[in-house]
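These are my notebook entries on a structure I had not opened before. I went from the metal to the charges, then to the empty spaces and the rings.

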Amino acid sequence: MHQEAAVNIIYSSDHLLHDPQFEINDGLPVDHAEKVERAETIMASLKVEGVGRKVPPRRFPLRHTYAIHDKAYVDFVRTRSDQLALGEVLYPSFYITDTYAPVTSGSYLASRSAVDCALTGASMILGNQRTVYSLCRPPGHHAAHSSMGGYCYFNNAAIASNYLSAHGKVAVLDIDYHHGNGTQEVFYDRNDVLYVSLHADPDTNYPYISGRVGERGSGAGFGYTYNYPLSKNTGNGIYLRVLQDALEVIKKFSPDYLVISAGFDTFNLDPIGGLRLTESVYAQCGQLIAGLELPTLIIQEGGYNLEHLGGLVVGFLRAFDL
Ligand code: SP5
Ligand code: ZN
């Protein structure tokens, strides 16, 4: 029988509850790049272009989150969010790696809903859907076992990957501009979840602390982490060649499931990124990845050019929406 192949889009308006106004950069408050408009413009573009079909998330128990994050850390995000009045902001002095993830009154509820979007996507993959796109906001790949940072609170991709890993081998391909330090940390000593990342050179880019070629995993996980740092001037051609190398690594691992940490801040007009990729590369990336013919869960991470973001996501998802 013909399998229903439209991409399912998991979205909840709960993300609107998390609306930070400022991030602290070099000691000064600057406009926060991770805006509510990001998810709204993506949804609007998908609708206009007729890509995918929208599905609400369902609620999952917190044990899936506790499998990745320290319970005390999760409680901290919840209690601090709950204590804040609307519009109030907290820059915590612990459980953080940087000054880019302020806690607002809605941070916990929005972050928990983003986790539900990721887990709903994962459960649909287990239910034999080929491709699911979880429009998670806030993003997750910088959130580690007991820390928030880089606009991230709970690691949506890691929680979903761990959930899938109970049913088979999982490859995580992280194509956000920034190295996914949180995801790498979570799976660093595991050999049942492969982590492969293409990202801007951490010598000169956030998160600075990780993402180098020599980071290969530890213990049983040695050889199950691959980093591909990219130099500043990387354009479409080099990027696609590196992506093909990364896909070969994934093929060799022969995963049962693929999870994509999909960031679109690699775009040349992104306000915080610095690579030189143009719009057409996202459709090509989508085609190369879809060529693996794996059940694929796509998790939204970064991407901050509000004018182009929707178009970039549409280009990427179309390759899977057959
Ligand atoms: C999920 C994700 O993409 N998080 C990225 C967090 C990066 N935040 C640090 C950005 C620092 C940018 N500083 C550039 C100043 C430009 N005037
Ligand atoms: Zn990013």
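**Entry 1: the metal site**

I began with Asp176, which is buried at a relative accessible area of 1%. Asp265 is buried too, at 0%. For the term, I took buried as under 20% relative accessible area, exposed as over 50% and partly exposed as in between, with a 1.4 Å probe and protein chains only.

This is a predicted model, where local features need pLDDT of at least 70, side-chain atom pairs count only at pLDDT 80 or more, and totals for chains, interfaces and linings use all residues. Residues are numbered from 1 along each chain as its sequence is written, chains are lettered from A and ligands numbered from 1 in the order in which they are written, and side-chain values use heavy atoms, with hydrogens and water left out.

Which residues coordinate the zinc ion (ligand 2)? I found Asp176 through two OD entries, His178 through ND1 and Asp265 through OD, at 1.9 to 2.8 Å. Donors here are N, O and S atoms within 2.8 Å of the metal (3.2 Å for Na, K and Ca); water is not among the atoms, so sites may look incomplete. Along the sequence, the donor residues are spaced D-x1-H-x86-D. Asp176 and Asp265 link distant parts of the chain, 89 residues apart. Asp176 is in the loop between β8 (170–174) and α6 (181–187). Asp265 is in the loop between β11 (257–262) and α8 (280–290). Helices (H or I, at least four residues) and strands (E, at least two) are DSSP runs, numbered from the N terminus.

**Entry 2: salt bridges**

I next looked up the charged pairs. A salt bridge here is a side-chain nitrogen of Lys or Arg within 4 Å of a carboxyl oxygen of Asp or Glu. How many are there by this rule? The count is 10 salt bridges.

I noted Lys35 with Asp31, whose closest N and O atoms are 3.0 Å apart. Lys35 is partly exposed at 21%, while Asp31 is exposed at 53%.

Arg78 and Asp75 also meet in a salt bridge, at 3.1 Å from N to O. They are about one helical turn apart, because three residues separate their positions in helix α3 (residues 71–83). Is each partner buried or partly exposed? Arg78 is partly exposed at 30%, and Asp75 is buried at 19%.

Glu248 and Lys251 form a salt bridge at 3.3 Å, N to O. Their helix is α7 (residues 236–253), where they are three residues apart, so about one helical turn separates them. Glu248 is partly exposed at 43%. I also wrote down a network: shared salt-bridge partners join Glu34, Arg38 and Arg137.

**Entry 3: pocket and cavity**

Then I turned to empty space. On a 1 Å grid over the protein atoms alone, a cavity is a set of points where a 1.4 Å probe fits but cannot get out; a pocket is an open set with protein on both sides within 12 Å along at least five of seven lines; and lining residues have an atom within 4 Å of a point. Grid points are joined across faces, edges and corners, and a volume is the space filled by probe spheres set on the points.

The largest pocket has a volume of about 340 Å³. Which of its 22 lining residues are closest to its centre? They are Tyr100, Tyr151, His178, Tyr206 and Ile272. His178 is also one of the zinc donors.

I found one cavity of 30 Å³ or more. The largest cavity has a volume of about 30 Å³. Its lining includes Ser12, Asp14, His15, Cys117 and Arg137.

**Entry 4: aromatic rings**

Last, I checked the rings. Rings of Phe, Tyr and Trp (its six-membered ring) pair if their centres lie within 6.5 Å; planes under 30 degrees apart count as stacked, over 60 as edge-to-face and the rest as tilted. The count is 15 aromatic pairs.

Tyr151 and Tyr304 are edge-to-face, 5.6 Å centre to centre with 80 degrees between the planes. Tyr151 lies in the loop between β7 (131–134) and α5 (156–165) and Tyr304 in the loop between β12 (296–300) and α9 (309–318), so the pair ties together parts 153 residues apart in sequence. Tyr151 is buried at 7%, and Tyr304 is buried at 7%.

Phe264 and Tyr282 form a tilted pair, at 5.5 Å and 50 degrees. Both are buried. I closed with one aromatic cluster, formed by Tyr73, Phe76, Phe94, Tyr95, Tyr108 and Phe154.
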